[in-house]
Amino acid sequence: MRMKSLLLAGAIGLLAQSAWADTPEVHALRMVWKPLSSNGEVTAIEVQQQVDGVAANDGKPFSLTAPVTYVNVTGVADRITRLDVRDASGPISFTTEDDKPVPGGFPYYRHWRATRAVSYPVTISYTALVQPAGSPGGPAFGIRPSGGGVSGSAAGFLLLPENAGTTQSNVSWDLSNMPAGSVGVTTFGDGAFEVKGAANRVNQSWIMAGPAQQYAAKGASHFHAYWLGTPSFDAEAAMQWTAKAYTVLSTALPHIDPAPDYRVFMRALDTPPYGGGTALGNSFMLSMSKSAPKDPQDLRITFFHEMTHQWSGGIDGGTRINDSAWFHEGLTVYFTTMLPLEGGLYTLDEYAALLNRQAADYYTSPARDWSAARIVEVGFGDERIRHTPYLRGFLYFADLDARIRKASKGKRTLRSVLHPLLVARQKGERFDYAVWKDMLRKELGEEAVAEFQTILVDGAKVVVPPSEAFGPCFVRQAVELKADSGPVQGYQWGRKKGVADAKCRKW
Ligand SMILES: [Zn+2]
């Protein structure tokens with residue numbers, strides 16, 4: 001999955017502490033994060049902050065904020081303990097107020113409002129406790145101990161000033177309570193880092209501190225991986241494969257130029273909630289049980305999927321949150337199926353198995369003919385229904401690729417048509433449904449625009465890609481599949497006899 005609203009614009013450079021030289025326009029939030037350990041297990045992160053803010057121009061009191069709930073991680077604000085805030089006049093006291101709860105586990109916040117005017121600098125210290133074992137499941141945003149260190153997301157433990165007008169945040173680690181050789185790493189880089197903009201931009205980051213194991217790709221690759229605890233699989237071998245996947249993605253999808261910095265975080269946990277794979281900008285986290293066995297091919301698909309989000313990105317203009325999953329998830333599933341084949345990372349059998357499993361899941365889904373809006377209503381309540389736009393989008397993009405090739409007599413493909421749109425998006429130009437429909441109209445005519453609406457938005461028609469959609473080595477076969485409601489008409493792609501393997505990967 002991917003947290004669309006949390007995407008970063010791009011990689012942000014590191015700045016050593018010695019380079020902190022404020023100009024008059026800079027209002028910095030400086031932070032030190034210190035993981036605290038007891039008997040070899042991290043229990044909390046102690047945070048020291050100094051706010052060189054400006055008087056709030058909204059006339060409201062100085063205010064701090066932390067999530068009450070953050071993407072199904074409950075109690076973040078409640079775990080902020082030993083809060084001490086002061087300025088030149090001494091301690092500052094606060095009243096607290098919670099936003100109205102947002103259903104479905106989506107974020108909402110607590111606000112600490114100062115009971116008097118403050119003068120800068122304001123210093124803040126608190127201890128953020130780790131998320132307890134047995135908390136509700138969901139993406140790995142809560143901070144949790146494993147392997148003698150701690151990991152999660154910045155949003156899972158930070159209390160931040162919200163109206164002090166800070167223009168950058170400078171973060172460094174204090175690892176004095178961690179084992180020798182420990183590292184502090186985030187989405188923003190290894191060790192100390194700087195993030196331009198409002199304080200809450202720091203929240204868009206995975207964090208990991210402690211005796212993490214590491215993998216760095218050889219040569220000029222910008223791929224790095226870190227993990228805490230011992231997963232049930234060979235993590236080093238898995239990261240070698242994922243480094244190759246990074247090269248395949250940055251070669252096949254050159255709209256991000258130069259190829260981005262990318263960091264993979266993994267944590268193997270002793271206790272639930274175990275989490276799963278979730279991508280933020282320039283990074284993903286895979287959180288799991290240290291003992292549950294993992295199917296190697298399922299793992300590879302997860303690694304490729306989460307990393308692909310960096311390249312597939314999103315589209316603007318859906319009418320409500322997540323109803324454009326057909327694009328950001330559908331395109332991600334499409335690339336995750338096709339590019340490892342082309343890059344030599346799946347066998348032909350693995351490719352066929354993945355393609356056919358996804359097709360079968362779509363044709364047998366109870367939501368195959370539901371509108372995008374109706375699917376969003378179900379949210380995290382039913383995983384089969386939630387994933388239907390992923391699969392519908394995948395088959396739609398395969399169908400679209402075949403039709404673009406046919407209409408252009410092999411001159412253009414889905415990827416070659418997408419490329420200039422994604423380059424423009426990369427430059428900050430708006431990429432929305434209108435841009436998408438213009439492309440369809442130009443390539444395939446008005447009928448394709450109507451079909452996009454019917455299949456992906458209204459769900460009124462089931463998508464059936466043509467026989468050749470998955471390459472010259474596979475042919476479509478109509479089959480009867482078993483859905484919960486009874487037998488349904490579906491399609492599978494079988495190996496065509498007499499075509500050499502060498503022709504199957506690229507066409
Ligand atoms: Zn995803």
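In the predicted model, Asn-356 touches Gln-492 and Trp-493, leaving aside residues up to four places away in sequence. Asn-356 belongs to helix H5, which covers residues 348-363. Its side chain reaches the backbone nitrogen of Trp-493 at 2.7 Å. With a relative accessibility of 12%, Asn-356 counts as buried, because the cut-off for a buried residue is under 20%.

A zinc ion is also present in the model, coordinated by NE2 of His-305, NE2 of His-309 and two OE entries of Glu-329, at 2.1 to 2.8 Å. The spacing of these donor residues along the sequence is H-x3-H-x19-E. His-305 lies in helix H2 (residues 296-312), while Glu-329 lies in the loop between helix H3 (325-328) and helix H4 (330-342), so this pair ties together parts that are 24 residues apart in sequence. The angles among the four donor atoms run from 51 to 146 degrees, and the site is irregular. A tetrahedral assignment would need all angles to lie between 85 and 135 degrees. Both ends of the pair are covered: His-305 counts as buried at 11% relative accessibility, and Glu-329 counts as buried at 2%.

Helix H7 spans residues 383-407 and has 25 residues. From its first C-alpha to its last, H7 reaches 36 Å, close to the 36 Å expected at 1.5 Å a residue. The helix nevertheless bends by about 25 degrees at Pro-389. H7 is mostly covered, with 18 of its 25 residues buried. At the start of H7, a side-chain oxygen of Asp-382 comes to within 2.9 Å of the backbone nitrogen of Arg-384. Just after the helix, Lys-409 adopts a positive phi of about 55 degrees.

Two cis peptide bonds are described next. One joins Asp-257 and Pro-258, with omega about 5 degrees; Pro-258 is located in the loop between helix H1 (235-252) and strand E20 (262-269). Another joins Pro-272 and Pro-273, where omega is also about 5 degrees. Pro-273 is placed in the loop between E20 and strand E21 (277-280).

Positive phi values also occur at two asparagines. Asn-39, which is not a glycine, has a phi of about 55 degrees and sits in the loop between strand E1 (28-38) and strand E2 (41-51). Asn-39 is exposed, with a relative accessible area of 82%. For Asn-72, phi is near 70 degrees. Asn-72 occupies the loop between strand E3 (63-70) and strand E4 (73-74), and is partly exposed at a relative accessible area of 30%.

Methods
Residues numbered from 1 in each chain as written. Predicted model: local features only at pLDDT ≥ 70, side-chain atom pairs only at ≥ 80, totals over all residues. Heavy atoms only, no water. Donors = N, O, S within 2.8 Å, 3.2 Å for Na, K, Ca; no water. Tetrahedral: all angles 85-135°; square planar, octahedral: opposite > 155°, others 65-115°. Helix = DSSP H or I, 4+ residues; strand = E, 2+ residues; numbered from the N terminus. Buried < 20%, exposed > 50% of the residue type's maximum accessible area, 1.4 Å probe, protein only. Expected span 1.5 Å × (residues − 1). Bend = angle between axes of the 7 residues up to and from the residue. Polar contact = N/O pair within 3.5 Å; in protein donor to acceptor, adjacent residues only side chain to side chain. Contact = heavy atoms within 4.5 Å.
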